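Colleague: I am new to this structure and would rather start with one small piece than with the whole thing. Please pick a single part, look at it closely, and then show me what else is worth following from there.

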Amino acid sequence: MKRIILLMMMMAVVIIHTACEKNPNEIADNFKLGLDVNFLEYTAQVEIQDLEDGSYPENIKLTPVTDYGTAILNSAGERNFKVSKGSITLILNPMDRPQSANEVKTFDFIASAPGYQSSKVKVSFTENNKTVQIPVSLLNKTKESDGVSSVSEKADLSESELKESKVVNFGNKSNKQTNGSVEVKAGTKFLNTSGKVLSGSSISMEVIDVDANTTNLVKIFPGGFTDQTVSKNGTTERTSFLPMSYTSINMYVGDEEVKDFSESINVKMEIDKNLYNPKTATKVKAGDQLALYSYELENGMWVYEKEVTITGIGNQLYANFETDHLTDYSLVAELPVCSDIFEINNPTDSNIQAKIELEIAGSTETRIYKIIEQNLAPGVNQIPYNGVGENISLKLYTSGNVITVDNISCGESPAIEMPTPDSELLTITINIPCEDVTLNIASYPIKYRKLGDTTWINGIIKDLVLKSYEMEAGNTYEFQIEFDGQIYTYEEFINSNDYQFNVDSELCSEINF
């Protein structure tokens with residue numbers, strides 16, 4: 001575990017010598033963040049995993065959608081967002097910290113990996129939420145997942161036109177509830193983002209469709225189900241979504257991506273007849289109108305297309321529409337935004353890892369629409385939320401306990417008291433004997449697990465102390481920390497509930513104090 005402590009020391013030492021004469025922006029420009037504890041006040045732990053099995057995709061890229069300057073950086077204080085084994089820690093420059101309790105500092109990234117569907121990643125900080133966890137699930141285009149259909153087919157081109165009409169069917173699988181099709185007419189020409197007609201001998205057609213009533217859609221739906229800022233009829237506005245479908249359509253001529261067509265294509269989506277429609281307070285049925293939206297990944301915004309009326313065919317419900325451009329499409333029940341906070345009181349003096357599930361509860365259907373993973377700090381934690389409909393249910397999973405709060409009205413602010421964990425608190429204190437130097441660390445994420453376990457637990461090191469109700473003395477634990485694009489994993493036998501880790505003073509000279 002020595003290397004972990006060395007890294008934390010490099011990040012945590014209070015400004016000394018030449019660094020003390022520089023303001024934070026100058027320090028950031030010269031990549032000397034490791035000397036300033038203040039840079040570790042706001043941290044975000046981003047973890048990018050495969051949607052199906054939780055593995056880490058190869059060659060992940062995390063790309064900011066715009067140039068944020070030195071406002072947000074990696075843990076070494078650099079504008080380099082290298083992801084290692086699915087993980088990266090981001091820090092907020094203190095010069096850019098929120099200036100009021102209501103101000104939110106938000107940064108948008110795009111996560112991508114070969115063979116996966118790209119995803120928008122939103123990193124947000126507030127005064128009440130300084131250490132955030134951002135789990136990101138990427139959908140593998142070739143791997144079978146529950147409720148997911150991924151289809152890829154080819155069709156011949158002749159003089160830049162589709163030689164014969166082509167229908168791509170999706171969703172006819174045992175693990176999939178709904179189906180549909182995409183039909184492209186013979187003679188259709190395919191255009192790139194610049195409007196240029198693409199030429200080649202064939203076109204690749206790719207369709208990814210996800211059942212609406214599955215937690216997989218909750219994890220990958222762009223922007224989440226609620227509190228969307230959308231483009232509608234030439235203006236932007238806020239709204240809430242409850243998706244009834246989600247289909248991503250992509251086509252390629254050679255290596256070039258198709259964006260537009262010379263002829264409209266026809267899309268047919270099946271709508272699960274068991275879905276609850278909060279606009280009618282009943283199950284969805286033929287004659288219901290849903291809003292059709294398309295998604296623009298680059299600016300992270302859903303764009304309103306039109307209203308679509310659900311039709312019945314036999315015992316199934318379908319939505320049919322035509323489009324002349326390619327993107328992600330969703331039919332949604334659109335509702336006004338209602339938002340407030342949950343006040344969750346952690347009665348202990350330790351951060352506790354928690355998962356919060358929010359559900360919309362209809363008369364016959366319950367559906368998860370939001371999953372929040374977060375370390376809850378000691379005292380009252382204010383968790384912002386957005387509601388869908390008028391009947392919300394909350395489930396809080398923490399330290400082996402489950403708390404359920406039902407019948408929450410949209411916009412209500414319930415106060416929730418967490419139970420004290422049954423297990424004993426284990427404290428790991430890090431002692432670093434370096435002369436004439438005061439060491440500290442404001443906050444930094446770390447993962448740990450009992451040797452032999454497969455699931456990591458997210459923890460927080462604060463003031464060079466790690467506290468946990470999830471560890472038990474007498475066991476060996478693995479610890480994992482990400483720093484500057486590298487993952488460091490070590491083992492340590494913890495022999496008491498108040499474990500002291502004494503770092504060799506020779507390490508002080510190794511980092512040139």
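Modeller: Let us start with a term: two strands pair if DSSP finds at least two bridges between them. Keep in mind, too, that this is a predicted model.

The part I have picked is a hairpin, formed by β5 and β6 with six residues between them. Strand β5 covers residues 105–112 and runs antiparallel to β6, to which seven bridges join it. To find one of these pairings for yourself, go to T106, whose bridge partner in β6 is S124. In the turn, look for G115, which has a positive phi of about 85°.

Now follow β6 itself, residues 119–125. The strand is mostly covered, with five of its seven residues buried.

Next come the nonpolar side chains. In soluble globular proteins, such side chains tend to be buried together. Here, the largest nonpolar core has 81 residues, and F190, I203 and M251 are among those with the most contacts inside it. A second, separate core has 25 residues, including Y42, L92, F107 and A111. F107 and A111 bring us back to our hairpin, since β5 spans residues 105–112.

Charged groups are worth a look as well. E103 forms a salt bridge with K105, and their closest N and O atoms are 3.6 Å apart. E103 has a relative accessibility of 25%, so it counts as partly exposed. Elsewhere, E41, R97 and K130 are joined into one network by salt bridges that share partners.

From here, step away from the hairpin to K143, which is partly exposed at 26% relative accessible area. Its side chain meets that of D50 in a salt bridge, at 2.9 Å from N to O. This pair links distant parts of the chain: K143 sits in the loop between β7 and β8, while D50 belongs to strand β1, 93 residues apart. Buried means under 20% relative accessible area, and D50 is at 3%, so D50 counts as buried.

K143 also meets D53 in a salt bridge between side chains, here at 3.1 Å from N to O. D53 lies in the loop between β1 and β2, so this pair ties together parts that are 90 residues apart in sequence. At 46% relative accessibility, D53 counts as partly exposed. If you would like to keep exploring, a search of the whole structure finds 20 salt bridges.

Definitions and conventions
Residues are numbered from 1 along each chain as its sequence is written. This is a predicted model: local features need pLDDT of at least 70, side-chain atom pairs count only at pLDDT 80 or more; totals for chains, interfaces and linings use all residues. Side-chain values use heavy atoms; hydrogens and water are left out. A nonpolar core is a set of buried Ala, Val, Leu, Ile, Met, Phe, Trp, Tyr and Cys residues joined through side-chain atoms within 4.5 Å. Buried means under 20% relative accessible area, exposed over 50%, partly exposed in between (1.4 Å probe, protein chains only). Helices (H or I, at least four residues) and strands (E, at least two) are DSSP runs, numbered from the N terminus. A salt bridge is a side-chain nitrogen of Lys or Arg within 4 Å of a carboxyl oxygen of Asp or Glu.
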